[in-house]
Amino acid sequence: MKIRLTLTIILAFLMISGIKVYSQDFKDLTSGFIKWQNVMKHYTDKMSECTDLDILSTNCVELADSVTFYYPRMIKIREKYPEIVESGPPEELKEFFTKLEIIENKYNEMLNGLVKTANSNPDNEKYQAAFGKLNMAIYNAMK
């Protein structure tokens, strides 16, 4: 009776919280991409409207560290599931990838804003160094 009640509460919690449970086949894929998605959303929220170059510099360095850590893992996950890259996600993951694409678009807009900020503030050495570190992290991650 206690086990049944516990399972019912856990299932109810999962349904209420909106967490989707995907098939075991894609658990590592969704788990990895959720972590990267959270990183992108976090920094997009922090940096999109920020105009303080000191804060942006700090965030660029932090984001560079996150890119260095997470991006190679995302590449490995994509390599593990080439069918998703080639033919698109299976039906059970389409909503997940649609949300991920929206977050990626906002993230890319934020990165473009950082480029504009770098171009507008060539004399700010702190920002230029931090932005350079982020650029290098992205470049190295994509090699």
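Let's start with S66. S66 sits in helix 3. This is a predicted model, so keep that in mind throughout. Is S66 buried or exposed? Its relative accessibility is 13%, and S66 therefore counts as buried, the cut-off being under 20%. Now its neighbours. Leaving out residues up to four places away in sequence, S66 touches W36, V39, Y43 and Y71.

Hold on to W36. We come back to that residue shortly.

First, the overall layout. The chain has 6 helices and 0 strands. Reading from the N terminus, the order is α-α-α-α-α-α. There are 143 residues in the chain, and 31% of them count as buried. Now take the contacts with a separation of 6 or more. Residues 24 or more positions apart account for 76% of those.

Next, the aromatics. How many aromatic pairs does a search of the whole structure find? The search gives 7. One of them is W36 with Y70. Their ring centres are 6.3 Å apart, the planes make 40 degrees, and the pair is tilted. This pair links distant parts of the chain. W36 belongs to helix 2, residues 27-47. Y70 belongs to helix 3, residues 53-80. The two are 34 residues apart. Both W36 and Y70 are buried.

Y70 has another ring partner, F69. What kind of pair do F69 and Y70 make? The centres are 4.8 Å apart. The planes stand at 90 degrees, and over 60 counts as edge-to-face, so that is what this pair is. F69 itself has 41% relative accessibility. That value lies between the 20% and 50% cut-offs, so F69 counts as partly exposed.

F69 also has a charged neighbour. R73 lies over the face of the F69 ring, 3.8 Å from the ring centre.

Now put the rings together. Ring pairs join W36, F69, Y70, Y71 and Y107 into a cluster. Two of those names have come up already: S66 touches both W36 and Y71.

On to helix packing. Helix 2 packs against helix 5. Their axes are 9 Å apart, at an angle of about 35 degrees. The crossing is left-handed. Which residues make the contact? From helix 2, they include L29, F33, W36, M40 and Y43. From helix 5, they include F96, L100, I103, Y107 and M110. So W36 and Y107 appear in this contact, and both belong to the ring cluster. Y43 is there too, and Y43 is among the residues that S66 touches.

Helix 5 has a second partner to show you, helix 6. Helix 5 covers residues 94-120, and helix 6 covers residues 125-142. Their axes come within 10 Å and cross at roughly 140 degrees. Over 145 would count as roughly antiparallel, so helix 5 and helix 6 are oblique to each other. This crossing is left-handed as well. Helix 5 brings L111, L114, V115, T117 and A118 to the contact. Helix 6 brings Y127, Q128, F131, L134 and I138. Note L114. That residue serves in the contact with helix 6, and also in the contact with helix 2.

Last stop, back in helix 3, with D54. At 43% relative accessibility, D54 counts as partly exposed. How far is D54 from N124 in sequence and in space? In sequence, 70 residues. In space, 9.5 Å, C-alpha to C-alpha.

Note on methods
Residues are numbered from 1 along each chain as its sequence is written. This is a predicted model: local features need pLDDT of at least 70, side-chain atom pairs count only at pLDDT 80 or more; totals for chains, interfaces and linings use all residues. Side-chain values use heavy atoms; hydrogens and water are left out. Rings of Phe, Tyr and Trp (its six-membered ring) pair if their centres lie within 6.5 Å; planes under 30 degrees apart count as stacked, over 60 as edge-to-face and the rest as tilted. Helices (H or I, at least four residues) and strands (E, at least two) are DSSP runs, numbered from the N terminus. Buried means under 20% relative accessible area, exposed over 50%, partly exposed in between (1.4 Å probe, protein chains only). A charge sits over a ring if NZ of Lys or CZ of Arg is within 6 Å of the ring centre and within 35 degrees of the ring normal. Axes are lines fitted to C-alpha atoms, for helices over the stretch in contact, and angles run from 0 to 180 degrees between N-to-C directions. Angles under 35 degrees count as roughly parallel, over 145 as roughly antiparallel, 65 to 115 as roughly perpendicular and the rest as oblique. A crossing is left-handed if the near helix is turned anticlockwise from the far one by less than a right angle, and right-handed if clockwise. Contact means heavy atoms within 4.5 Å.
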